Amino acid sequence: MEAALAESLARAEPAEDPLARVARWAAGYRPVPGRPDEFLGPDGQPRGAWPRLLDRLGGLTETEILARFVAAERHIRDAGISFRIAGDQREHPWPLGCLPLVIEGAEWASLSAGIVQRAELMEAILADVYGDGRLVEEGLLPAAIVAGTPEFLHPLHRVMPPGGHYLKLYAADLGRGPDGRWQVLADRTQAPSGLGWALENRMVLARTFPDLVQDLHVERLPAFFQAFRDGLTLGAERIDPRICLLTSGPYSSTYVEQAALARYLGLMLVEGDDLVMQDGRLHVRTVSGLKRADAVWRRIDSDFLDPLELNPASRLGVPGILEALRNGSLVVTNMPGSGLVESAALAPYLDGIARRIFGEPLRLGHPRTWWCGDLEGLAHAQANLDSLTLRPAATPQRGAGRDAILAGPVLAAERERVVAALRDRPFDYVAQEAAPLSTMPGWERGPDGLSLAPRPFVVRVFATRTPLGWQVMPGGFCRVAEREDVDPIELRLGIRSADVWVLSEKPVAAPAIGLHAAPRVRRVGGHLPARAADGLFWLGRYLERAEAVIRLVLAHLRSVGDAVGADISGALDTPAALALRALLYEWATIGAADLPTARLAQEALAGRERPGSAWAHVESARRNAAALRARLSGEAWRVLADLGESLSLDTGWALAESQLAGRAERALSQLAALSGLTHENMSRAEGWHFVELGRRIERAVNTCTFALAFANDEATPGCLGVMLSLCDSQISYGRRYLQGAALDPVRDLVLLDPYNPRSIAFQAEAITRHLADLPALAADGIPEPHVRLATRILAELRSGKAADFDAVRLTALETDLERLADGIAARYFPTGPNALRPEKLTGLA
Amino acid sequence: MAAGMIYTLRHRTTYRYGRPVRFARCTLRLKPQDGEGQSVLASAVTIDPSPATAVTRHDYFGIDALAITLETPHTVFSVEALSTVRVERAAPPPPESGTAWERVRDAVVAGCDLGGRAPVHFLFPSGRVPLLPEVTAYARPSFSAGRSAYGAAHDLMLRIGRDFRFDARATNVYTPLSESFALRAGVCQDFAHVMIAGLRGMGLPAAYVSGYLRTVPPPGRPRLRGADASHAWVAVWCGAGWLGLDPTNGVPVRDDHIVVARGRDYGDVAPLDGIVSGSGKQRLKVEVDVIPDTETQDLALVG
């Protein structure tokens, strides 16, 4: 896209009338016959809000529009908005299309009414199936459809959700049917995703086209999110409830979205291992011990929630959590088992159930569907196999081709197999009217500039339960296929996402603050989950380790290159150069200790295959940070991305020493920026202490290692010079001492001087302070073992003399520091040896 | 065979752990079923260490499950269930009697009963019984058009008994169905799962039954303590009720089988199931005694 921008900037754009521009964009727009289109009605005339949107866009030149696309893409990359395709490790930048789906307020109002009725209907069906079972008894809902859904969770039969509601969040995938009316392609009640994407899309597009959002009266989203957050705790026992967002972890395809939502809504992002049942209540493992959890928004399927009573193979859930649902001490959104109503086989019965329960027909329909467990349905399916799509009865997807078992003309053998399956177990299938997706405009870039083309799309809309009824989000999460052969029901390559704009008649007021009861004022964001503490600690350690590697490389480049200090020789075989190479080799940053200087520097900085390279440590830090997205600021994330880029050197491209030094220095500044950000922007709550502890311990350990190599009893002046440069202490030293580097003064400065922020003593002082600020487990006033160890290390440094710190003493100190790190891990982190890891009892028939 | 038997059942399970377990949460399904030709005269469970909490739940399928938590650190966990049960079932019907299997299937699908005893719950794949095309194909020859459901199921049972080898070393409790079917070998659990998959594949509801089987010591030898085992077989829905068939032994179920629980597969009825915190290595020992009030049976059956 950057190339396209440059190209169009280069081309002198003739002044063009906005109306002419829009007409040119739309000139080739041809909806596919028989498929409803958002922009052009059946009469070929523009409709709805599209003319208003396009006229406004026409006021911008194509150069301006392209520049905005580029800015949007840059923001997405910088903010780390990304997604993962299921089963794929890589993250892909979020593919946001820059044309929103626009819907007029009046049309939206009638659509919303349909959504609300459908949400209410799903709630009623769940309450009945898990309660009295009248719908089945009266024959309005076949028992075999309910029994055939794996989401009918028997242990939850007759368990009333606290607060009385099964659904707090309902979502529906919509498209237009052949008659041009909106219809539901899939109901989503299990754990609908997309709320976070909708929010991100809006944030990006509002930055990209701020005036448009204002002038077109685009409805705002915050009130919906506030209502949703309030709804999460409806029915909770305590007045100030703790809410957790239960994720399946950083490898989930929507983890980035979950982290963004946790941050936006102020929820604690937890994995199953972070939670534990005790005394019939759910608790979070935090660094302050177990803390009660009152509400959970689960983003894992119900079946995985409790390995004890549901799927025994689940590693994502919490053993025994259903007990907390039974005794009413926990609110879960949506209630486990709610996925039941996603079943495609319900479709033929929904209208009848709506008439029975509400006394009115279903307002918002779906593609015509026949359940083959019904004799008439089976007969219809068998007679019309060629024009129908056949799918498993119990799955939710109802979009285009997805999960279809038979769709359209197929090979005879395949057809035979399906006919046989229909004969053996017809009740496992539904047949559905096959209709292609309706279309909306998307940008197409050609040699003559931009144009519009119809693209298949699906839009997901959301409704949340409030004490006053259902509230529909005035917006949505839209997915648009860039090509005809991709199915936009699921995110994958070839799909773009689009914001959804509901246009109000009147100007939209900025969201009011204080609509709801003012929250209690607090200064810390609640207790830190043990897992997050672990991640933050390692984030600090990895970044510090990366810095140490970079400093080693720089010291080597300098000692060989421009020989800044008079006492540093330019030769390769000085003790200092040999020791630097030995250490770089020992740290697995390079493959051999005798590489040419430039190769060595490039490998140590950027080697992808070297587990110890600076790049590898930054990558590890990034992986850790990915699991901490809910806790890191956007800026920190951006600097981390830049840092990775600085250390990405093309291996096929040999850089000169001076270029490598430049890269290394840039990376050092970025590391300094990160540490500045943690210092200036991170709240001094528990999380900050753990980043700092990680950084301080790593720095102290590295300084010990450096001192063993460069400030031992045999150290040459050259070695001592390197020692000073590794500890960034040349300037302090030069100010204090007129003569060159001497052993005891150097040792004192880098080991024992409590005023030097690079000395081990300084790190020990900081560590002791951080530990004192962390919560203690027992209130008996006795220091915990790791605190005692930190105190002893500090006392030794405070009382020591420079001359005493020979190799033996330094090695002992290094060992003590590593033991301190282990002690902190054992006390606070879930991976510690004392952590309670649940294991299954082995069974016997 | 005398109609009606009284049994004393002893089922002792012992876990030994490599490291002390500080917390455990377990579900026990050890109380024999009351009703359908059985009455429980006495039943008691002894648990060591003694549980911090113990709640009895009657689950959706009518199984009595005792949910316990252990909060005292321990390296040995033992459960002993003692029960006395009278078993008196009607003689199984002749194999080729009863409603045609197609009609049984259609009636189940059209049914309006979602209760825990309703056959419709046993029609679909479950955690340990996926529906595999090869198993359905294996079952199909037993299902000629219009044959009675019981007749077809009885035939399938006899075929499995003939075609599969009883081999305790071929499989373990976690062996998936596809594997034991391919091996044509396994223990009672595997035989039952294969038969259930075959029946469900053809559209008949089938349940997994856990329990005990009366065995007879070799002639002239005394009964050895703890030498028996728990057993598993199949119940098939025949239109009017459930009928038990034991594919491991190729016999219909009558008074030699003592039912503990009936579920969709082993997962629903596992006698002891749970999660412990930090056990290190686990060693498991199970001892079962099935003691009839008389010792006059001469059929030798394997469990």
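Two strands count as paired when DSSP finds at least two bridges between them. Keep that cut-off in mind for the first stop. The model is predicted.

**Stop 1: strand S20 of chain A**

Select residues 477-481 of chain A, strand S20. Then add residues 495-503, strand S21 of chain A. The two run antiparallel and are joined by 5 bridges. Within this pair, look for A:Arg479, whose bridge partner in S21(A) is A:Ser497.

Now add residues 449-466 of chain A, strand S18. S18(A) also pairs with S20(A) in the antiparallel sense, over 4 bridges. Here A:Val459 stands opposite A:Cys478.

Is S20(A) enclosed, and why? 5 of its 5 residues are buried, so the strand is largely enclosed by the rest of the structure. In a regular strand, side chains alternate between the two faces of the sheet. Check both faces of S20(A). One side carries A:Phe477, A:Arg479 and A:Ala481, and the other carries A:Cys478 and A:Val480. Both faces are covered.

**Stop 2: the nonpolar core**

Which residues have the most contacts inside the largest nonpolar core? Select A:Leu605, A:Phe710, A:Met723, B:Met195, B:Val234 and B:Val236. The core itself has 345 residues. Helix H16 of chain A, residues 530-560, contributes the largest share, with 18 residues.

Center on A:Phe710. Leave aside its neighbours within four places in sequence. What remains in contact with A:Phe710 is A:Ala576, A:Ala579, A:Ala715, A:Cys719, A:Leu720, A:Val722 and A:Met723.

**Stop 3: two hairpins in chain B**

Move to B:Val234, one of the core residues just selected. Its bridge partner in S11(B) is B:Leu245. Show strand S10 of chain B, residues 230-237, together with S11(B). They pair in the antiparallel sense over 4 bridges. The hairpin has 4 residues between the strands. Pick B:Gly239 there: it takes a positive phi near 110°.

Follow S11(B), residues 242-246, onward. Of its 5 residues, 4 are buried, so S11(B) is largely enclosed by the rest of the structure. Next, select strand S12 of chain B, residues 251-252. S11(B) and S12(B) run antiparallel, joined by 2 bridges. B:Asp246 has B:Val251 as its bridge partner in S12(B). This hairpin also has 4 residues between its strands. In the turn, B:Gly250 has a positive phi of about 65°.

**Stop 4: an open sheet in chain B**

Color the strands S3, S6, S1 and S15 of chain B. These 4 strands form an open sheet in the order S3-S6-S1-S15, with antiparallel pairing. Which strands stand at the edges? S3(B), residues 38-48, and S15(B), residues 282-292, each have a single partner strand, so one side of each is left without a neighbour in the sheet. Neighbouring strands are turned by 10° against each other on average, direction ignored.

Zoom in on S3(B) and S6(B), residues 74-87. They are joined by 10 bridges and run antiparallel. B:Val40 stands opposite B:Val85 in S6(B).

**Stop 5: where the chains meet**

Show both chains. Here 31 residues of chain A are in contact with 42 residues of chain B. On the chain A side, select helix H6 (134-137), helix H7 (143-147) and strand S22 (838-840). Each supplies at least two residues of the side that touches chain B. H7(A) gives the most, with 4 residues. Color that side by class: 16 residues are nonpolar, 9 polar and 6 charged.

Terms used:
Residues are numbered from 1 along each chain as its sequence is written. Chains are lettered from A and ligands numbered from 1 in the order in which they are written. This is a predicted model: local features need pLDDT of at least 70, side-chain atom pairs count only at pLDDT 80 or more; totals for chains, interfaces and linings use all residues. Two residues are in contact if their C-beta atoms, placed from the backbone, lie within 7 Å. Ala, Val, Leu, Ile, Met, Phe, Trp, Tyr, Cys and Pro count as nonpolar, Asp, Glu, Lys and Arg as charged, and the others, Gly among them, as polar. Axes are lines fitted to C-alpha atoms, for helices over the stretch in contact, and angles run from 0 to 180 degrees between N-to-C directions. A residue is buried if 20 or more other C-beta atoms lie within 10 Å of its own, exposed if 12 or fewer, and partly exposed in between; C-beta atoms are placed from the backbone. A nonpolar core is a set of buried Ala, Val, Leu, Ile, Met, Phe, Trp, Tyr and Cys residues joined through C-beta atoms within 7 Å.
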